[in-house]
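Please load the model in your viewer, and keep the sequence panel open beside it so that selections can be made by residue number. The tour moves from one selection to the next and says at each stop what is to be found there.

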Amino acid sequence: MIYDAIVVGTGPAGSVAAFELARRGCRVLALEKKRHPRYKVCGGGLSIRLDNLIGRGYHAVVEKTVTRLVMSCQGAPSFEVAFDAPIAYMTMRDRFDAYLMDQARRAGCEIRENEPAEDVRSLDDSIQVKTPRGEFLARTIIGADGLPSLVAKTLFPVTLNSLGVAIESETAPAPDRSWAGDTVLIDIDTVRHGYAWIFPKADHLSCGLATFRQDRQDLRALYSQFAQDHPALPLALAQRTIGHLIPHFSPKAGSRVHGRGVLVGDAAGLMDPFLGEGIYYAVWSGRLAAQAVSDFLKEGKPLTSYDDSIRREIEPELSAAFRIAWIVYRFPHLAFRLTARHPEWLAAYGKVLQGRTSYQGLWKRGLDPRRWLGRLL
């Protein structure tokens, strides 16, 4: 049997792509190296605009709703902005990913768990994928296998991703301390070229730090200092921290289509370069990939239509976020002072997460340096 598509990886990008293809009547096989629900290192923040892509059914696995954002910068008093509507939902990735995979299965996708792809080869008119249990053929393949991506490594001529590094912990609050369930904290100077965070979950906190460049920093020492500086957190020695690679969007990334293969989500380097959110763009790219693959299979349209959609719909947003991130992380104290002086900017960022405006709009309205440098005078 030959499948219409094999999807490697059932995180948000893979599961959404599989769901969209299956509901269009395609014969889809999804391969997952573990069994759901499985732990996934991730802060678990979902922007409200996700509702526009997949509806509200996933709210069943939401643990907290965020309406307050605290911003801090080493050596300066923190400040907060309260929003009149939710800006983010908090979830655990094991539950969220299991929900999306179940939707794909219900749509008719064949899912094989505990069956990792071990080898991928491009044949004349198909793709061959080997697993520990057998060999499978498909007319197309979707690489949703994160970092490092086997699909990208074996089928694509060049590496697409710039890489960053994160350290994360899931921990109970410090003894005799609590954390408001509607509040997240972002610190923009704990680590160079990145930020630290505290996110609320149902019965614990997700916290950590990320840098979007692999330069020389002792991340564990920096996280230890961050935990020590925030009374709500236990000392780092009392936490279990996990390090992992994260993609960082590059405006110079190459094609995400090669032959009969397409890359989505983290494997495609589609992550918000400002705060590192990947889930929204994973889901978005999964939908776009499914549309392009379906058009290729049923109408003979070139798979490169996926690249066209990415460059038209997603890259302008991520490029604007890239410019904002460059300013904030290169000049964190200046960015903090300006934002404290103009909290409406933070309120505008909340509207991005709500889907009421865009990074492009945010840049044009107030974060273009030609507009805000004069405010220091």
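What follows is a walk through strands, sheets, helices and cores, in a model that is predicted.

**First stop: strand E1 and its partners**

Begin by selecting strand E1, residues 2–8, where six of the seven residues are buried, so that the strand is largely enclosed by the rest of the structure. With E1 still highlighted, add strand E11, residues 134–143, which pairs with E1 in the parallel sense over six bridges. Then add strand E2, residues 28–31, which also runs parallel to E1 and is joined to it by four bridges. A useful residue to label here is valine 7, whose bridge partner in E11 is isoleucine 142 and which stands opposite alanine 30 in E2.

**Second stop: serine 149**

Next, follow the chain out of E11 and select serine 149, which sits in the loop between strand E11 and helix H4, residues 150–155. Is serine 149 buried or exposed? Its relative accessibility is 9%, and because buried means under 20%, serine 149 counts as buried. If you display its side chain, you will find that it reaches the backbone nitrogen of alanine 152 at 3.0 Å. Leaving aside neighbours within four places in sequence, serine 149 is in contact with Leu263 and Ala267, and these two residues can be added to the selection.

**Third stop: helices H1 and H6**

Now select helix H1, residues 12–23, together with helix H6, residues 279–299. The axes of H1 and H6 come within 7 Å and cross at roughly 35 degrees, and the crossing is right-handed. To see how the two helices meet, show side chains on both: on H1 the contact is made by Pro12, Ala13, Val16, Ala17, Glu20 and Leu21, while the H6 residues taking part include Ile279, Ala282, Gly286, Ala290 and Ser294.

**Fourth stop: the nonpolar cores**

Which residues touch the most other members of the largest nonpolar core? They are Phe274, Tyr306 and Tyr359, within a core of 109 residues. Helix H6, which you have just selected, gives the most to this core, with twelve residues. Apart from it lies another core, of 15 residues, among them Cys207, Tyr223, Leu233 and Ala236.

Centre the view on tyrosine 359, and select its contacts beyond four places in sequence: these are Asp272, Phe274, Tyr281, Glu317, Ala320, Ala321, Ile324, Tyr349 and Val352. Two of these contacts, Tyr349 and Val352, are among the buried residues of helix H9. Selecting H9 itself, residues 344–354, shows a helix that is mostly covered, with eight of its eleven residues buried; among them are also Trp345, Leu346 and Leu353. H9 is followed by glycine 355, whose phi is positive, near 80 degrees.

**Fifth stop: the open sheet of seven strands**

Turn next to an open sheet whose seven strands have the order E6-E5-E13-E14-E15-E12-E16, with mixed pairing. Strand E6, residues 76–82, and strand E16, residues 241–248, stand at the edges with a single partner strand each, so one side of each is left without a neighbour in the sheet. From one strand to the next, the twist averages 20 degrees. For a more detailed view, select strand E5, residues 68–73, and strand E13, residues 183–187, which run parallel and are joined by five bridges. Within this pair, valine 184 in E13 is the bridge partner of leucine 69.

**Sixth stop: the open sheet of three strands**

Select now the three strands that form an open sheet in the order E3-E7-E4, where the pairing is antiparallel. The edge strands are E3, residues 45–47, and E4, residues 62–66, each of which pairs on one side only. Neighbouring strands of this sheet are turned against each other by 30 degrees on average, direction ignored. Strand E7, residues 88–91, is joined to E4 by four bridges, and here valine 62 stands opposite threonine 91.

**Last stop: serine 122**

Finish by selecting serine 122, which is found in strand E9, residues 119–122. Not counting residues up to four places away in sequence, serine 122 touches Ile127 and Leu155. To draw a distance across the model, pick the C-alpha atoms of serine 122 and aspartate 218: the two residues are 96 residues apart in sequence and 41 Å apart in space.

Note on methods: Residues are numbered from 1 along each chain as its sequence is written. This is a predicted model: local features need pLDDT of at least 70, side-chain atom pairs count only at pLDDT 80 or more; totals for chains, interfaces and linings use all residues. Side-chain values use heavy atoms; hydrogens and water are left out. A nonpolar core is a set of buried Ala, Val, Leu, Ile, Met, Phe, Trp, Tyr and Cys residues joined through side-chain atoms within 4.5 Å. Buried means under 20% relative accessible area, exposed over 50%, partly exposed in between (1.4 Å probe, protein chains only). Contact means heavy atoms within 4.5 Å. Two strands pair if DSSP finds at least two bridges between them. Axes are lines fitted to C-alpha atoms, for helices over the stretch in contact, and angles run from 0 to 180 degrees between N-to-C directions. A polar contact is a pair of N or O atoms within 3.5 Å; within protein, one must be able to donate a hydrogen and the other to accept it, and residues adjacent in sequence count only if both atoms are side-chain atoms. A crossing is left-handed if the near helix is turned anticlockwise from the far one by less than a right angle, and right-handed if clockwise.
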